[in-house]
Each structure stands twice: as C-alpha cells, then as structure tokens.
Amino acid sequence: MNTINPRIDSSWLAVLHNEFQSDYFAQLKSFLVDEKHKYNVFPPGGKIFAAYDTTPFDKVKVVIIGQDPYHEKGQANGLCFSVNPSVKIPPSLVNIFKELHDDLGYDAPASGDLSKWAREGVLLLNAILTVRENYAGSHRDKGWEMFTNSTIKAVSDKKQNVVFILWGNYAKEKRYLIDESKHLILTAAHPSPLSASRGGFFGCRHFSKTNSYLQSHGIAPIDWNLND
C-alpha cells in the first residue's frame, strides 16, 4: 500500500485527513498497487504529492488546475504543466511561457520545471495525480478527482483571497467548488496549441492580474520569473 503513500506535507495531512481515511481512497490505493504491478505509472511514487509538498497549505496564494500528468517516460514531476529539467518543453508550456513574456516581459526559461512557482505559493494541481505510461487519461474516475476536488474546496473554504486560474473547459468545471465572494477566479482557453490558436488564451494576462489582486489585498506578489 505504501506505493502511493509517500510523505505529504503535514499542513495538507491535517486538512485532508478524512480523505486519506475514506473508502474511495482505499480503493484508489488498491487500484494503483495493481497498476504498478502491470505497467509503468507516472510520476514516480515520491512525486505523486509533489504539488502538496512543494506548496504547503498555509503558503497557497494561487491555484492552477491541470488535468492529468504527462504520460511519457521522464516527463512528469508531480506539478501540473511542469516537466523535469532535462525534458523538452511541451507545447502547452511553450504557450504559457509566450503569454508570460507578453504579459510581464520575462524570457522563456531553458527548463520547463515550474518548481519555483510552486515554492512561491502557486499550487500546481492536476485533477488526476497519476497516469499509465503512454495512456493519457488512464487513471480517470478512479478516485483522484474526489481527492483533488476536496483539495480545491478546502483551499476555498479555509483561506481568503486566493487566485484560482482555470485554463480550458476541464479546469473551468471546477468553478463550482470555489467561493467567488472571497477569491478571484481567472478563466481562459487552454494553452494547448489548438485551443490557444483559436483565441482566448493569448492576451489573458493572468500573471499580472494575479499579482495585482494579491497586492490589492496586502499579499506579496508571485515572482513569475523562472530565469532568476
């Protein structure tokens, strides 16, 4: 069972304790143990909860919601849209970096590793935390969505003035979990090449809008520059 029971930051363990004790989570663990016996599963076990470990609950200022991890070997590092430093930057992340440059003037980094953003307080949360190699969406409807929905709702319920960034229709479906009376929700098209080219992502200026909102509530802005 310890296949998917790596260290998770204590602040999140306190918030999500009931989820770890639930029947659905026990079933999810059993499913993943079986998957690991048959297939390669990404990210590696120690990185499944990387979003939580890198951004403790009390540090969360921003939430960006993705779908599921990259499914090719060596890509996924447990943070949505992020890849390991030696991996070619995926097309969606290329477009995110283009928008970052257009919005704030920061040049695209050589690496697609977004760990710095996570350390700044950006919870880079995939709705599904694992995937079978070369099989996108393979761990859909196995229980992860219940766990990450509880994560989003906990941030909404227990914190104030968080920015939720929802790119694409899948992420926008999570809007109902968020209390809009005390948080900011920013929506746009998905940054994938097909969606972004149709309009609605480029020019969204979500990076500067996030910082303006945080500063207006006395919260330190995010340092989005990945070249520091």
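1. Glutamate 35 and arginine 132 are both buried in this predicted model, and their side chains meet in a salt bridge with a distance of 3.0 Å from N to O. Glutamate 35 belongs to helix α3 (residues 23-38) and arginine 132 to strand β4 (residues 131-132), so that the contact ties together parts lying 97 residues apart in sequence. Side chains of opposite charge can pair when their charged atoms come close.

2. Arginine 132 also takes part in a second kind of contact, in that its charged end sits over the ring of tyrosine 39, 3.8 Å from the centre of that ring. When inspecting arginine 132, one can therefore look both for glutamate 35, its salt-bridge partner, and for the ring of tyrosine 39 beneath its charged end.

3. The count of salt bridges comes to six, and one of them joins aspartate 103 to arginine 205, with the closest N and O atoms 3.3 Å apart. Because aspartate 103 lies in helix α5 (residues 91-104) while arginine 205 lies in the loop between α9 (193-197) and α10 (206-216), this pair ties together parts that are 102 residues apart in sequence. The two partners fall into separate accessibility classes, since aspartate 103, at 8% relative accessibility, counts as buried, whereas arginine 205, at 38%, counts as partly exposed.

4. Another salt bridge is formed by the side chains of arginine 175 and glutamate 180, which meet at 3.0 Å from N to O. Here arginine 175 has a relative accessibility of 31% and counts as partly exposed, and glutamate 180, with a value of 45%, is likewise partly exposed.

5. Turning to the aromatic residues, the count comes to 20 aromatic pairs. In one of them, the ring centres of tryptophan 12 and phenylalanine 57 are 5.2 Å apart and the ring planes stand at 85°, so the arrangement is edge-to-face. Since tryptophan 12 is in helix α1 (residues 10-15) and phenylalanine 57 is in the loop between α4 (50-54) and β2 (62-66), the pair ties together parts that are 45 residues apart in sequence. Tryptophan 12 is buried at 0% relative accessibility, and phenylalanine 57 is buried as well, with a relative accessible area of 11%.

6. A further edge-to-face pair consists of tryptophan 144 and phenylalanine 147, with 5.9 Å from centre to centre and 70° between the planes. Both residues lie in helix α7 (residues 144-158), where they are three residues apart, or about one turn of the helix. Tryptophan 144 is buried, its relative accessible area being 0%, and phenylalanine 147 also counts as buried at 0% relative accessibility.

7. The two aromatic pairs described above belong to a cluster in which ring pairs link Trp12, Phe20, Tyr24, Phe25, Phe49, Tyr52, Phe57, Trp144 and Phe147. Phenylalanine 57 has a charged neighbour in addition, for the charged end of lysine 159 sits over its ring, 5.1 Å from the ring centre.

8. Which strands pair with β2, and in what sense? Strand β2 pairs with strand β3 (residues 122-126) in the parallel sense over five bridges, and with strand β5 (residues 163-167), again in the parallel sense, over four bridges. On the β3 side, valine 62 stands opposite valine 122, and valine 63 has leucine 123 as its bridge partner. On the β5 side, the bridge partner of isoleucine 65 is leucine 166.

9. Five of the five residues of β2 are buried, so this strand is largely enclosed by the rest of the structure. Val62, Ile64 and Gly66 point one way from β2, whereas Val63 and Ile65 point the other way, and all of these residues are buried. In a regular strand the side chains alternate between the two faces of the sheet.

10. Strand β3 is likewise largely enclosed by the rest of the structure, because five of its five residues are buried. Both of its faces are covered, with Val122, Leu124 and Asn126 buried on one side and Leu123 and Leu125 buried on the other.

How values were computed. Residues are numbered from 1 along each chain as its sequence is written. This is a predicted model: local features need pLDDT of at least 70, side-chain atom pairs count only at pLDDT 80 or more; totals for chains, interfaces and linings use all residues. Side-chain values use heavy atoms; hydrogens and water are left out. Rings of Phe, Tyr and Trp (its six-membered ring) pair if their centres lie within 6.5 Å; planes under 30 degrees apart count as stacked, over 60 as edge-to-face and the rest as tilted. Helices (H or I, at least four residues) and strands (E, at least two) are DSSP runs, numbered from the N terminus. Buried means under 20% relative accessible area, exposed over 50%, partly exposed in between (1.4 Å probe, protein chains only). A charge sits over a ring if NZ of Lys or CZ of Arg is within 6 Å of the ring centre and within 35 degrees of the ring normal. A salt bridge is a side-chain nitrogen of Lys or Arg within 4 Å of a carboxyl oxygen of Asp or Glu. Two strands pair if DSSP finds at least two bridges between them.
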